[in-house]
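Please look at the model below, with its bound ligand and its domains. A short report follows.

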Amino acid sequence: MKKDIKSLTGQELKELIVSIGEPKYRSEQIYSFISKGIESIDQIPNIPKKLKDKLSEVAYISKAGIYQKLESQEDETKKYLIELDDGNIVETVLMKYKHGLSLCISTQVGCRMGCKFCASTIDGLVRNLTAGEILGQIITAQKDAGERISNIVIMGSGEPFDNMENLEKFFVLVHDEKGLNIGYRHITVSTCGLVPQIQRLAELEIPVNLAISLHQTSQDAREEIMPIGKSYSVEELIRAAKAYSEKTKRRVTYEYALIRGVNDNPQTAMQLAKLLRGSLSHVNIIPINEIKENDFKRPDMKKVKEFQNILIKNNIEATVRRELGRDIAGACGQLRRSIIDNKTEI
Ligand code: SAH
(Lines give C-alpha, C1' and ligand atoms only; values in the text may rest on other atoms or scores of the structure.)
Protein backbone atom coordinates (compact mmCIF):
# COMPACT_ATOMS: atom_id res chain seq x y z
CA MET A 1 0.00 0.00 0.00
CA LYS A 2 1.22 3.50 -0.81
CA LYS A 3 2.27 5.60 2.15
CA ASP A 4 0.90 9.05 2.88
CA ILE A 5 3.94 11.30 3.24
CA LYS A 6 1.96 13.57 5.62
CA SER A 7 1.77 10.66 8.07
CA LEU A 8 5.53 10.04 8.04
CA THR A 9 8.14 11.39 10.43
CA GLY A 10 11.30 12.88 8.94
CA GLN A 11 13.14 9.67 9.77
CA GLU A 12 10.48 7.48 8.13
CA LEU A 13 10.57 9.59 4.98
CA LYS A 14 14.35 9.30 4.91
CA GLU A 15 14.09 5.51 5.09
CA LEU A 16 11.55 5.51 2.27
CA ILE A 17 13.76 7.68 0.05
CA VAL A 18 16.76 5.45 0.70
CA SER A 19 14.65 2.34 0.00
CA ILE A 20 13.97 3.59 -3.54
CA GLY A 21 17.67 4.17 -4.11
CA GLU A 22 17.72 7.96 -3.73
CA PRO A 23 20.08 10.07 -1.60
CA LYS A 24 19.01 10.92 1.95
CA TYR A 25 19.21 14.69 1.52
CA ARG A 26 16.22 14.57 -0.81
CA SER A 27 13.99 13.64 2.07
CA GLU A 28 14.73 16.88 3.93
CA GLN A 29 13.99 18.84 0.80
CA ILE A 30 10.64 17.08 0.38
CA TYR A 31 9.75 17.16 4.07
CA SER A 32 9.99 20.93 4.28
CA PHE A 33 7.36 21.33 1.57
CA ILE A 34 4.80 19.05 3.18
CA SER A 35 4.06 21.46 6.02
CA LYS A 36 3.83 24.32 3.54
CA GLY A 37 0.82 22.68 1.96
CA ILE A 38 2.10 20.92 -1.17
CA GLU A 39 -0.63 18.45 -2.04
CA SER A 40 0.88 16.25 -4.70
CA ILE A 41 4.27 14.76 -5.36
CA ASP A 42 4.26 16.36 -8.80
CA GLN A 43 4.11 19.83 -7.27
CA ILE A 44 7.26 19.44 -5.17
CA PRO A 45 9.75 21.97 -6.54
CA ASN A 46 13.41 21.34 -7.27
CA ILE A 47 13.44 17.58 -7.45
CA PRO A 48 13.99 15.57 -10.64
CA LYS A 49 11.06 14.07 -12.53
CA LYS A 50 12.60 10.61 -12.19
CA LEU A 51 12.55 10.85 -8.40
CA LYS A 52 8.96 12.08 -8.45
CA ASP A 53 7.94 9.11 -10.57
CA LYS A 54 9.72 6.62 -8.35
CA LEU A 55 8.33 8.19 -5.20
CA SER A 56 4.80 8.20 -6.64
CA GLU A 57 4.96 4.44 -6.96
CA VAL A 58 5.33 3.99 -3.21
CA ALA A 59 3.85 7.16 -1.72
CA TYR A 60 1.32 9.96 -2.09
CA ILE A 61 0.36 13.13 -0.24
CA SER A 62 -3.12 13.13 1.28
CA LYS A 63 -5.24 16.18 0.61
CA ALA A 64 -7.17 18.20 3.13
CA GLY A 65 -8.99 20.42 0.69
CA ILE A 66 -11.27 23.28 1.65
CA TYR A 67 -14.78 22.11 0.76
CA GLN A 68 -16.31 25.22 2.25
CA LYS A 69 -15.13 28.15 4.32
CA LEU A 70 -17.32 30.35 6.45
CA GLU A 71 -16.13 33.59 7.94
CA SER A 72 -17.78 35.12 10.96
CA GLN A 73 -19.04 38.67 10.58
CA GLU A 74 -19.02 39.14 14.37
CA ASP A 75 -15.41 38.19 15.05
CA GLU A 76 -12.53 36.83 13.00
CA THR A 77 -13.40 33.17 13.39
CA LYS A 78 -13.22 31.03 10.28
CA LYS A 79 -14.77 27.65 9.91
CA TYR A 80 -13.44 25.21 7.36
CA LEU A 81 -15.16 22.13 6.13
CA ILE A 82 -12.22 20.00 5.12
CA GLU A 83 -12.68 17.30 2.53
CA LEU A 84 -10.62 14.16 2.91
CA ASP A 85 -9.46 11.97 0.02
CA ASP A 86 -12.43 9.61 0.39
CA GLY A 87 -14.96 12.47 0.30
CA ASN A 88 -15.60 12.52 4.05
CA ILE A 89 -15.81 15.93 5.63
CA VAL A 90 -14.52 17.19 8.98
CA GLU A 91 -14.75 20.56 10.67
CA THR A 92 -11.82 22.75 11.60
CA VAL A 93 -12.22 26.13 13.29
CA LEU A 94 -9.67 28.94 13.26
CA MET A 95 -9.89 31.46 16.08
CA LYS A 96 -7.98 34.66 16.56
CA TYR A 97 -6.79 35.57 20.03
CA LYS A 98 -4.48 38.28 21.29
CA HIS A 99 -1.73 35.70 21.66
CA GLY A 100 -2.11 34.38 18.11
CA LEU A 101 -4.07 31.97 15.98
CA SER A 102 -5.61 28.90 17.51
CA LEU A 103 -7.05 26.00 15.56
CA CYS A 104 -9.67 23.51 16.72
CA ILE A 105 -9.18 20.21 14.91
CA SER A 106 -11.06 16.94 14.52
CA THR A 107 -9.69 13.44 15.09
CA GLN A 108 -12.53 11.29 13.75
CA VAL A 109 -15.29 11.49 11.17
CA GLY A 110 -18.29 11.36 13.51
CA CYS A 111 -17.95 9.89 17.00
CA ARG A 112 -19.20 6.87 18.89
CA MET A 113 -19.21 8.26 22.42
CA GLY A 114 -22.90 9.18 22.31
CA CYS A 115 -22.93 12.28 24.54
CA LYS A 116 -26.56 13.37 24.51
CA PHE A 117 -25.95 17.07 23.85
CA CYS A 118 -23.35 16.72 21.07
CA ALA A 119 -24.01 17.02 17.34
CA SER A 120 -20.87 15.11 16.26
CA THR A 121 -22.05 11.80 17.62
CA ILE A 122 -25.55 11.64 16.14
CA ASP A 123 -24.67 9.40 13.19
CA GLY A 124 -22.05 7.46 15.12
CA LEU A 125 -18.46 6.92 14.11
CA VAL A 126 -17.65 6.80 10.41
CA ARG A 127 -13.89 6.34 10.74
CA ASN A 128 -10.72 7.44 12.46
CA LEU A 129 -8.55 10.12 10.89
CA THR A 130 -4.98 9.16 10.14
CA ALA A 131 -2.15 11.13 11.72
CA GLY A 132 -1.59 12.84 8.36
CA GLU A 133 -5.25 13.84 8.13
CA ILE A 134 -5.19 15.32 11.64
CA LEU A 135 -2.02 17.24 10.72
CA GLY A 136 -3.44 18.16 7.30
CA GLN A 137 -6.15 20.31 8.87
CA ILE A 138 -3.47 22.54 10.40
CA ILE A 139 -1.44 22.71 7.19
CA THR A 140 -4.49 23.68 5.14
CA ALA A 141 -5.78 26.28 7.59
CA GLN A 142 -2.34 27.81 8.07
CA LYS A 143 -1.78 28.10 4.34
CA ASP A 144 -5.18 29.71 3.91
CA ALA A 145 -4.65 32.11 6.83
CA GLY A 146 -1.17 33.06 5.58
CA GLU A 147 -0.07 33.31 9.18
CA ARG A 148 1.42 30.90 11.70
CA ILE A 149 -0.99 28.91 13.82
CA SER A 150 0.52 28.77 17.28
CA ASN A 151 -2.08 26.90 19.33
CA ILE A 152 -3.99 23.70 18.74
CA VAL A 153 -7.07 22.50 20.55
CA ILE A 154 -8.18 18.97 19.84
CA MET A 155 -11.86 19.61 20.41
CA GLY A 156 -13.40 19.17 16.99
CA SER A 157 -15.42 16.13 16.10
CA GLY A 158 -14.40 12.77 17.48
CA GLU A 159 -12.96 11.41 20.69
CA PRO A 160 -9.17 11.78 20.36
CA PHE A 161 -8.48 8.99 22.88
CA ASP A 162 -10.63 6.62 20.83
CA ASN A 163 -8.03 7.09 18.08
CA MET A 164 -4.97 6.89 20.30
CA GLU A 165 -2.45 5.39 17.93
CA ASN A 166 -2.94 8.05 15.28
CA LEU A 167 -3.12 10.76 17.93
CA GLU A 168 0.25 9.73 19.33
CA LYS A 169 1.78 9.77 15.87
CA PHE A 170 0.22 13.19 15.26
CA PHE A 171 1.87 14.54 18.43
CA VAL A 172 5.25 13.49 17.08
CA LEU A 173 4.60 14.99 13.63
CA VAL A 174 3.20 18.33 14.78
CA HIS A 175 6.12 18.86 17.16
CA ASP A 176 8.84 18.20 14.55
CA GLU A 177 11.04 21.26 14.24
CA LYS A 178 11.40 20.73 10.51
CA GLY A 179 7.63 20.50 10.22
CA LEU A 180 5.03 22.68 11.95
CA ASN A 181 7.15 22.88 15.09
CA ILE A 182 4.31 23.45 17.55
CA GLY A 183 5.31 23.03 21.20
CA TYR A 184 3.39 20.51 23.29
CA ARG A 185 2.48 23.21 25.76
CA HIS A 186 0.55 24.91 22.98
CA ILE A 187 -1.60 21.86 22.39
CA THR A 188 -4.72 20.92 24.36
CA VAL A 189 -6.40 17.56 24.01
CA SER A 190 -9.96 17.15 25.23
CA THR A 191 -11.54 13.85 26.25
CA CYS A 192 -14.94 12.71 27.45
CA GLY A 193 -13.05 10.55 29.92
CA LEU A 194 -11.23 7.45 28.68
CA VAL A 195 -9.25 6.74 31.82
CA PRO A 196 -6.65 4.23 30.49
CA GLN A 197 -5.65 6.66 27.76
CA ILE A 198 -5.31 9.52 30.26
CA GLN A 199 -2.94 7.28 32.19
CA ARG A 200 -1.08 6.38 29.02
CA LEU A 201 -0.66 10.01 28.06
CA ALA A 202 0.86 10.71 31.47
CA GLU A 203 3.35 7.88 30.89
CA LEU A 204 4.26 9.07 27.40
CA GLU A 205 5.64 12.29 28.82
CA ILE A 206 4.21 14.36 26.02
CA PRO A 207 3.35 17.42 28.09
CA VAL A 208 0.23 18.58 26.27
CA ASN A 209 -2.60 20.23 28.16
CA LEU A 210 -5.41 17.94 29.18
CA ALA A 211 -9.06 18.96 29.17
CA ILE A 212 -11.72 16.74 30.68
CA SER A 213 -15.34 17.01 29.55
CA LEU A 214 -16.97 16.50 32.91
CA HIS A 215 -20.39 18.16 32.57
CA GLN A 216 -21.85 16.47 35.66
CA THR A 217 -20.63 15.76 39.16
CA SER A 218 -22.69 12.81 40.37
CA GLN A 219 -22.28 9.36 38.89
CA ASP A 220 -25.92 8.69 37.91
CA ALA A 221 -26.50 12.11 36.43
CA ARG A 222 -23.31 11.91 34.37
CA GLU A 223 -24.19 8.50 32.98
CA GLU A 224 -27.47 9.92 31.79
CA ILE A 225 -25.89 12.49 29.49
CA MET A 226 -22.53 10.78 28.85
CA PRO A 227 -22.61 7.02 28.23
CA ILE A 228 -18.82 6.81 28.72
CA GLY A 229 -19.55 7.45 32.40
CA LYS A 230 -20.77 3.85 32.63
CA SER A 231 -17.30 2.57 31.77
CA TYR A 232 -15.31 5.00 33.91
CA SER A 233 -16.77 6.56 37.00
CA VAL A 234 -16.56 10.22 37.95
CA GLU A 235 -14.30 9.23 40.81
CA GLU A 236 -11.89 7.25 38.61
CA LEU A 237 -11.86 10.03 36.05
CA ILE A 238 -11.03 12.78 38.52
CA ARG A 239 -8.37 10.57 40.09
CA ALA A 240 -6.73 9.97 36.71
CA ALA A 241 -6.89 13.66 35.82
CA LYS A 242 -5.37 14.67 39.15
CA ALA A 243 -2.61 12.12 38.68
CA TYR A 244 -1.97 13.62 35.23
CA SER A 245 -1.56 17.10 36.64
CA GLU A 246 0.66 15.86 39.44
CA LYS A 247 2.91 13.96 37.05
CA THR A 248 3.09 16.65 34.38
CA LYS A 249 2.76 19.69 36.67
CA ARG A 250 0.20 20.93 34.15
CA ARG A 251 -3.10 22.44 35.11
CA VAL A 252 -6.02 20.31 33.99
CA THR A 253 -9.04 22.03 32.48
CA TYR A 254 -12.49 20.71 33.28
CA GLU A 255 -15.06 21.57 30.66
CA TYR A 256 -18.51 22.05 32.01
CA ALA A 257 -21.29 22.66 29.50
CA LEU A 258 -24.11 24.28 31.41
CA ILE A 259 -27.54 22.93 30.54
CA ARG A 260 -30.67 24.55 31.90
CA GLY A 261 -32.31 22.47 34.61
CA VAL A 262 -29.85 19.60 34.12
CA ASN A 263 -26.51 20.57 35.68
CA ASP A 264 -26.77 24.27 36.47
CA ASN A 265 -27.97 24.35 40.06
CA PRO A 266 -25.93 25.77 42.96
CA GLN A 267 -25.65 22.38 44.68
CA THR A 268 -23.93 20.94 41.60
CA ALA A 269 -21.51 23.89 41.59
CA MET A 270 -20.72 23.13 45.23
CA GLN A 271 -20.17 19.46 44.42
CA LEU A 272 -17.88 20.41 41.57
CA ALA A 273 -15.84 22.64 43.84
CA LYS A 274 -15.54 19.79 46.31
CA LEU A 275 -14.41 17.32 43.66
CA LEU A 276 -11.64 19.59 42.41
CA ARG A 277 -10.49 21.05 45.69
CA GLY A 278 -6.75 21.09 46.13
CA SER A 279 -5.89 20.13 42.57
CA LEU A 280 -4.16 22.12 39.87
CA SER A 281 -7.27 22.79 37.85
CA HIS A 282 -9.44 25.24 36.02
CA VAL A 283 -13.11 25.03 35.08
CA ASN A 284 -14.20 26.20 31.67
CA ILE A 285 -17.93 26.88 31.80
CA ILE A 286 -19.59 26.62 28.40
CA PRO A 287 -23.23 27.65 28.14
CA ILE A 288 -24.47 24.76 26.00
CA ASN A 289 -24.79 25.32 22.28
CA GLU A 290 -28.35 24.55 21.40
CA ILE A 291 -28.73 22.15 18.50
CA LYS A 292 -31.89 21.27 16.66
CA GLU A 293 -31.52 17.54 17.28
CA ASN A 294 -32.22 17.81 21.03
CA ASP A 295 -34.05 19.94 23.58
CA PHE A 296 -31.16 20.97 25.79
CA LYS A 297 -31.28 24.68 26.48
CA ARG A 298 -28.70 27.05 27.85
CA PRO A 299 -29.34 28.79 31.17
CA ASP A 300 -29.60 32.58 31.22
CA MET A 301 -26.39 34.53 31.88
CA LYS A 302 -27.40 35.29 35.46
CA LYS A 303 -27.49 31.59 36.25
CA VAL A 304 -24.17 31.05 34.46
CA LYS A 305 -22.52 33.80 36.52
CA GLU A 306 -24.01 32.40 39.70
CA PHE A 307 -22.51 28.98 38.92
CA GLN A 308 -19.14 30.57 38.21
CA ASN A 309 -19.21 32.64 41.40
CA ILE A 310 -19.84 29.61 43.58
CA LEU A 311 -16.72 27.97 42.13
CA ILE A 312 -14.62 31.09 42.55
CA LYS A 313 -15.78 31.58 46.16
CA ASN A 314 -14.63 28.03 46.81
CA ASN A 315 -11.18 28.77 45.40
CA ILE A 316 -11.70 27.01 42.09
CA GLU A 317 -10.56 28.94 39.04
CA ALA A 318 -13.46 29.25 36.64
CA THR A 319 -14.04 31.16 33.44
CA VAL A 320 -16.99 31.33 31.08
CA ARG A 321 -15.98 30.47 27.55
CA ARG A 322 -16.18 33.39 25.17
CA GLU A 323 -18.30 32.37 22.28
CA LEU A 324 -16.65 32.78 18.91
CA GLY A 325 -18.14 32.28 15.47
CA ARG A 326 -21.71 32.10 16.69
CA ASP A 327 -23.08 33.23 13.33
CA ILE A 328 -21.23 30.43 11.48
CA ALA A 329 -22.28 27.58 13.78
CA GLY A 330 -18.77 27.65 15.29
CA ALA A 331 -19.48 24.80 17.68
CA CYS A 332 -18.92 21.13 17.37
CA GLY A 333 -20.43 19.15 14.58
CA GLN A 334 -23.21 21.53 13.75
CA LEU A 335 -22.09 22.57 10.32
CA ARG A 336 -21.03 19.18 9.07
CA ARG A 337 -24.46 17.91 10.03
CA SER A 338 -26.24 20.61 8.11
CA ILE A 339 -24.15 19.70 5.05
CA ILE A 340 -24.98 16.01 5.48
CA ASP A 341 -28.68 16.92 5.84
CA ASN A 342 -28.58 18.97 2.67
CA LYS A 343 -26.74 16.25 0.78
CA THR A 344 -29.37 13.68 1.69
CA GLU A 345 -32.19 16.06 0.83
CA ILE A 346 -30.88 16.46 -2.71
N1 SAH B 1 -14.58 14.05 22.40
C2 SAH B 1 -13.83 15.07 23.06
C3 SAH B 1 -13.51 16.27 22.20
C4 SAH B 1 -14.56 16.83 21.29
S5 SAH B 1 -15.90 17.73 21.96
C6 SAH B 1 -14.50 15.46 24.33
O7 SAH B 1 -15.58 14.97 24.63
O8 SAH B 1 -13.92 16.22 25.09
C9 SAH B 1 -15.26 19.23 22.59
C10 SAH B 1 -16.09 19.79 23.75
O11 SAH B 1 -17.37 20.28 23.30
C12 SAH B 1 -16.40 18.75 24.81
O13 SAH B 1 -16.25 19.30 26.08
C14 SAH B 1 -17.86 18.45 24.53
O15 SAH B 1 -18.50 17.87 25.62
C16 SAH B 1 -18.37 19.81 24.17
N17 SAH B 1 -19.67 19.85 23.49
C18 SAH B 1 -20.23 18.95 22.68
N19 SAH B 1 -21.46 19.34 22.27
C20 SAH B 1 -21.66 20.54 22.84
C21 SAH B 1 -22.74 21.47 22.80
N22 SAH B 1 -23.84 21.24 22.12
N23 SAH B 1 -22.59 22.62 23.51
C24 SAH B 1 -21.47 22.87 24.22
N25 SAH B 1 -20.43 22.04 24.28
C26 SAH B 1 -20.52 20.88 23.63
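## Ligand site and domain interface

The shell around the ligand holds seven nonpolar, seven polar and two charged residues. Here Ala, Val, Leu, Ile, Met, Phe, Trp, Tyr, Cys and Pro count as nonpolar, Asp, Glu, Lys and Arg as charged, and the others, Gly among them, as polar. This is a predicted model: local features need pLDDT of at least 70, side-chain atom pairs count only at pLDDT 80 or more, and totals for chains, interfaces and linings use all residues. Residues are numbered from 1 along each chain as its sequence is written, and side-chain values use heavy atoms, with hydrogens and water left out.

There are 16 residues around the ligand, and Ser190, Ser213, His215, Glu255 and Asn289 come nearest. A residue is near if one of its heavy atoms lies within 4 Å of the molecule.

The table lists polar contacts of the ligand (pairs of N or O atoms within 3.5 Å; within protein, one must be able to donate a hydrogen and the other to accept it, and residues adjacent in sequence count only if both atoms are side-chain atoms).

| Ligand atom | Protein partner | Distance |
|---|---|---|
| nitrogen | phenylalanine 117, polar backbone atom | 3.0 Å |
| nitrogen | glutamate 159, side-chain N or O atom | 3.0 Å |
| oxygen | serine 190, polar side-chain atom | 2.6 Å |

On its own the ligand has 530 Å² of accessible area, and the protein covers 96% of that. Accessible areas come from the Shrake-Rupley method with a 1.4 Å probe; for residues, only the protein chains shown count as cover.

The chain splits into domain 1 (3–60) and domain 2 (65–341). These bounds come from an automatic or database domain assignment. The domain centres, taken over C-alpha atoms, are 34 Å apart. Domain 1 gives 15 residues to the contact and domain 2 gives 16, with contact meaning heavy atoms within 4.5 Å.

Together the domains bury about 1,100 Å², 53% of it on carbon and sulfur atoms. Buried area is the accessible area (1.4 Å probe) that two parts lose on being put together, summed over both. On the domain 1 side, Lys6, Tyr31 and Ser35 lose the most area, together 43% of what that side buries.

Four residue pairs are in polar contact between the domains, both residues at pLDDT 80 or more. The interface also has one salt bridge (a side-chain nitrogen of Lys or Arg within 4 Å of a carboxyl oxygen of Asp or Glu). Glutamate 12 and lysine 169 join their side chains in a salt bridge, at 2.9 Å from N to O.
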